[in-house]
Amino acid sequence: MKIPFQLNGEPVVAETTYSMRLLDVVRNEFGLTGTKEGCSEGECGACLVFLDNKLVNSCMVPMSHVVGKKVETIEGFAKSERYQVIEQAFQNHGAVQCGFCIPGMIMAVENLLRTQTVFTEEIIKESMSGNICRCTGYQLIYDAIKTVIQEVVE
Amino acid sequence: MIQSYRPETLKEALQIRNQIDCTVFAGGTDLYIRKRQWQGAERRFDNDLLFIHQLSELRKIEVSDEEIILGACVTQSEIEGDAYLPEFLRMPYRLMGNPAIRNTATVGGNIVNAAQVADSLPVLFALDSQVVLQSIHGERKMPTMDFVIGKYKTGIQTNEILTHVMIPKKNWTDFYYRKIGSRKQNILSKLSVIVLLEKKNDDLTNLAISIGCVNEKPIRDHEIEQGFLESGAINQLIDQLYDKMEGQNDKRSSKAYREITSLKLIKDYLEKNS
Amino acid sequence: MNIHDKINRVDGISKINGSAKYIEDIHLDEVFHARTLRSGIAKGRVKSIDYPVDYEDIIVVDSHDIHKNEVLMITTDMPVFTPSEVTYVGEPLSLILGKDKHRVIEFMNQIKIVYEEDEGIFAMDACTKAEDIFSEYVYEKGNIHELEYDEIFEKVYETGYQEQLYMEKQGMIASYDDHILTIQGSMQCPYYIKNALIHATGLPDHRIRVIQTTTGGAFGGKEEYPSLLACQLAAAAMKVRQTVSLIFDRREDILTTTKRHPSRTTIKSYLKDDKILGMDILYEIDGGSYRGLTDVVLQRGLLTLTGCYKIDHVQVKGKAYRTNNIFSGAFRGFGAPQSMFALEQHMNQLAKKFKEDPISYRRKYFVQQGDLSATSGVFHEKILLNQMADALIRLSEYDDLLAKKEKNMGIGVSFVPHGGGFTGDGEAAHIKAQVKLKKDTLNRVHLLVSTVEMGQGAKTVLSKIVASTLEIPIEQIVYDDPDTFKVPDSGPTVASRTTMVVGGLLYKAALELKPLMNNPAEIVITKNYVHPEEIVWNQKSLKGNAYLAYSWSAVVAVVYVDPITWEIDCQKLYGIYDVGVPVDEKTLLGQVHGGVAQGLGYGMMEKMESEQGILQHNSFSSYAVPVMADMPKMEVDWIFNPYREGPYGAKAAGELTLVGVAPAIAAAVEDATGFDLCRLPIMPEDLVKEAEK
């Protein structure tokens with residue numbers, strides 16, 4: 001069946017089913033492979049996208065939930081100015097290693113900026129709790145996020 | 001091939017539910033894991049699917065002087081973010097999963113799925129909440145703690161949809177909630193404990209205790225609570241709660257750890273606060 | 001550029017914006033998707049497999065489709081597909097190929113397998129027959145048998161499985177066109193795979209091409225295991241003469257790929273006048289059902305003993321068992337995290353017994369330059385353990401920590417070495433690394449090595465070494481993902497050998513290229529590994545210099561243990577590292593933090609148990625690895641101790657950073673609780689049990 005929605009600002013129609021995962025659709029139908037499948041059960045955050053501006057694990061979202069909605073993937077977000085700030089901070093701090101979790105991390109950082117007004121250590125960590133990185137031990141990612149907050153908010 | 005239904009109204013949904021043997025799909029954060037299959041392929045559902053996430057009738061939070069009504073498809077993050085709701089209700093939802101999961105997972109899904117690790121059940125049991133079940137024939141209500149029968153088992157009929165949860169308002173003055181998992185955040189519980197107290201001029205006038213994950217469904221016992229209100233004997237309360245425990249060792253934790261720790265948490269809190 | 005310059009990762013941007021292509025991101029129009037049919041029992045024989053008929057679009061690939069049904073690792077005991085004999089749950093029986101995944105699933109749901117099941121062996125203690133033992137080693141120093149001692153202090157230490165949990169699952173794509181077999185995928189060792197393919201397919205060298213794709217973490221998990229997948233996919237691609245893709249699902253990956261070996265270490269210390277006269281150590285590991293790299297893991301576990309300490313009389317025995325559990329393999333640390341936990345916890349318990357401070361106690365036994373190691377090799381390099389201890393005390397404000405220690409808090413320390421490169425004469429006898437530097441006519445310099453970037457920073461660090469030596473901008477360096485048609489065999493990306501060994505060869509090649517940079521022609525410089533003369537090793541007697549050079553770490557962990565719930569909170573972690581000279585400090589910092597995270601998981605979170613050969617913790621939700629909030633505040637520093645053979649003085653770093661973490665945490669939890677803790681990971685469930693004793 002045809003499912004219409006908005007993908008990174010463009011109206012699109014996916015030829016799929018209601019029960020298919022959004023993750024599979026953005027990757028396989030639209031070739032947007034920056035959204036990764038890590039754990040396939042909502043724990044690791046490699047597949048994070050925005051659905052109507054809400055952060056969701058695309059491995060846990062059926063296309064039924066996407067009908068007529070706005071989906072933003074890393075490829076779409078990467079075109080924004082704020083992405084540039086985040087990218088630069090991650091680069092400067094050496095926050096990236098194998099990179100598989102990073103596009104999802106970036107989406108979670110953006111969600112933190114969109115949903116919070118106060119940025120304590122506790123709030124940052126809770127906001128990033130759904131993103132697992134096996135390489136970095138998180139410290140340099142945390143440092144990068146602090147830099148982003150300084151530049152964007154303060 | 002399974003069929004998927006995505007009705008626009010609750011009425012339509014109930015009609016489909018009445019005609020077809022189908023799995024009701026709310027947020028899907030549990031269902032999708034249980035029906036996992038090869039990436040890029042459909043999940044391995046064996047029933048037709050009825051999607052209800054989009055039904056506006058099931059997405060409201062209503063707060064009145066008498067009660068709180070939560071729609072079945074209200075997401076966990078909507079509860080977490082609703083400043084009109086009491087903290088003892090918001091906190092268990094806030095500590096579930098992670099921010100993205102909570103944007104998808106629903107109030108109703110966590111109840112009907114009835115996992116042993118479902119973190120909303122202890123608080124809903126402790127608050128004497130009721131579930132509202134609708135079918136084309138009408139509506140019935142029952143206490144959530146009776147509705148949940150055991151692990152993945154509830155009293156839902158094949159033609160019913162859980163539409164709302166009703167929480168009667170009481171005068172809770174203090175509460176304690178603790179969830180234990182194998183890491184600090186984003187983890188399924190090994191156990192959880194909620195204690196609600198009502199105090200008038202330092203006298204304890206009411207309390208509710210519920211313990212999650214120890215048994216197949218949360219422990220809640222009005223008689224034991226009533227006994228404690230009358231006697232004030234903490235050790236007796238702990239012994240009686242212990243008698244209700246019938247858990248098993250599993251991959252997440254041990255029977256001994258769950259039992260000893262949950263009771264110690266309750267005891268410690270009551271000793272300091274009752 | 002200069003080696004001291006601060007630089008950004010060369011592969012950073014594409015990984016941040018999502019454009020980097022991992023194996024499952026590669027788009028293919030026409031491809032067979034492969035799924036593995038696996039045994040449902042741990043031990044026995046397959047009597048029959050009934051595949052459904054009338055599926056013309058589905059193709060089965062099994063042991064009949066491979067030239068030689070053996071996966072070459074160190075030995076060849078593992079079949080590509082088992083024809084009958086089953087030795088573990090999940091053992092591959094065949095690949096099912098189809099272009100429509102739903103058809104493959106439908107087909108697989110109808111397959112009927114009949115087994116003849118035998119009783120499996122699932123515990124090391126149940127390994128009683130000679131055939132249940134893969135290998136046994138023993139080495140001695142001094143004479144443990146004729147000591148005059150007052151008492152024996154004996155403890156048994158155990159560790160469980162650990163899963164690498166790289167974020168990108170195992171995956172590969174194979175094609176067979178124009179008589180060339182091409183394998184692309186997520187891997188650490190392109191030439192291991194190539195050699196396994198030569199063995200299994202019978203194809204000549206020049207018809208096999210292995211290309212690494214961007215690899216999303218490996219940690220040892222993509223060292224030997226991908227050789228199995230490559231052989232399976234080779235059989236498939238050569239059968240269907242089309243492209244075949246095999247991407248694991250997460251649970252499949254956790255359930256069926258290699259894990260860190262479970263271990264048991266028994267240490268007997270012979271004591272006289274409160275002094276350790278000698279140690280008698282038995283180190284045992286569960287290898288699972290195939291040998292894989294188990295012998296070498298066992299060796300590193302043994303040869304890293306007796307750690308940072310000079311013990312005059314030593315007997316070390318090691319045994320690796322064959323069981324019907326999941327097959328164990330490479331994981332960052334490679335046998336050392338297990339034996340070093342045992343040794344360090346033993347040293348802590350001795351310090352506790354003698355009521356001494358754990359750092360002061362260790363100092364009495366620190367090895368020094370010129371001493372003999374446990375394998376009777378001379379430590380040629382400068383050893384700065386005392387200076388490291390001093391630095392650690394300063395960094396952690398150790399005395400202050402002790403003075404201000406509150407109830408339920410604990411402080412623990414560890415000191416561990418890690419040998420860089422292959423054990424003994426492995427680099428010279430087996431690996432024989434070669435590297436090439438090619439300057440093209442545009443004056444770009446190509447690094448031609450088989451070393452892969454898997455997150456650890458190889459591309460950044462090796463590029464920096466060459467660019468600094470040539471004094472050219474790093475942008476002039478080209479370092480593509482290795483392709484065996486283009487790069488020589490500079491060895492596998494393992495054993496913390498990349499910077500020290502491969503980087504060392506590239507450094508020498510760059511020195512030779514430097515005066516030729518103004519020559520407009522294309523120039524290729526080749527360098528082969530030359531073994532340092534003073535490194536002498538006898539593999540038969542396990543005597544001599546077990547490693548080229550050692551790196552060292554000293555760690556203090558501070559924990560708080562909740563008195564009600566027994567939850568462990570690792571609040572602070574201080575580390576001092578001697579990795580020679582860091583080539584790139586930002587990369588090293590990332591390695592240290594990452595090692596701490598994996599070591600923390602190993603010490604207090606990552607519980608993985610097997611029942612009747614089936615792993616119980618098989619997903620991200622049941623196997624808990626640290627999230628951001630679980631990490632302690634980390635303060636780390638390094639001391640400079642240049643290694644003569646290393647590029648700019650660099651030694652090994654990658655594995656070391658993991659090894660010392662769990663021992664320090666375990667010691668801290670002991671300190672907080674007063675319990676004797678001899679098993680990793682330490683879980684609240686275990687502490688409750690101790691408390692109830």
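A salt bridge is a side-chain nitrogen of Lys or Arg within 4 Å of a carboxyl oxygen of Asp or Glu. This is a predicted model: local features need pLDDT of at least 70, side-chain atom pairs count only at pLDDT 80 or more, and totals for chains, interfaces and linings use all residues. Residues are numbered from 1 along each chain as its sequence is written, chains are lettered from A and ligands numbered from 1 in the order in which they are written, and side-chain values use heavy atoms, with hydrogens and water left out.

**Close-up 1. Asp48(B), a buried acid without a salt bridge.** Asp48(B) sits in strand β3 of chain B, residues 48-51. Strands (E, at least two residues) and helices (H or I, at least four) are DSSP runs, numbered from the N terminus. Asp48(B) is buried, meaning under 20% relative accessible area with a 1.4 Å probe, protein chains only. The nearest side chain of opposite charge belongs to Arg17(B), 11 Å away. Here Lys and Arg count as positive, Asp and Glu as negative; His and the chain ends are not counted. The Asp48(B) side chain does reach the backbone nitrogen of Gln3(B), at 2.8 Å. Leaving aside neighbours within four places in sequence, the contacts of Asp48(B) (heavy atoms within 4.5 Å) include Ile2(B), Tyr5(B), Ile20(B) and Cys22(B).

**Close-up 2. Domain 1 against domain 2 in chain A.** The domain assignment, automatic or from a database, gives domain 1 as 2-77 and domain 2 as 81-152. Their C-alpha centres lie 21 Å apart. In contact are 17 residues of domain 1 and 15 of domain 2. The two domains bury about 1,400 Å² between them, 68% of it on carbon and sulfur atoms. Buried area is the accessible area (1.4 Å probe) that two parts lose on being put together, summed over both. Phe50(A), Ile74(A) and Phe77(A) supply 41% of the area that domain 1 buries against domain 2, more than any other three residues.

**Close-up 3. Polar links between the chain A domains.** The rule finds 1 salt bridge across this interface. Arg114(A) pairs with Glu72(A) in a salt bridge, closest N and O atoms 3.0 Å apart. The count of residue pairs in polar contact is 4, both residues at pLDDT 80 or more. A polar contact is a pair of N or O atoms within 3.5 Å; within protein, one must be able to donate a hydrogen and the other to accept it, and residues adjacent in sequence count only if both atoms are side-chain atoms.

**Close-up 4. Domain 1 against domain 2 in chain C.** Domain 1 covers 12-20 + 433-528, and domain 2 covers 31-119 + 164-256. Their C-alpha centres lie 32 Å apart. About 1,500 Å² is buried between them, 57% of it on carbon and sulfur atoms. Met454(C), Thr484(C) and Phe485(C) supply 38% of the area that domain 1 buries against domain 2, more than any other three residues. Arg209(C) and Asp483(C) meet in a salt bridge, 2.5 Å from N to O.

**Close-up 5. Chain B meets chain A.** The contact takes 31 residues from chain B and 29 from chain A. Buried area is about 2,600 Å², with 52% from carbon and sulfur atoms. The rule finds 2 salt bridges across the interface. Glu126(A) forms a salt bridge with Arg102(B), closest N and O atoms 3.2 Å apart. Helix α5(B) gives the largest share of the chain B side, 4 residues.

Methods
Buried < 20%, exposed > 50% of the residue type's maximum accessible area, 1.4 Å probe, protein only.
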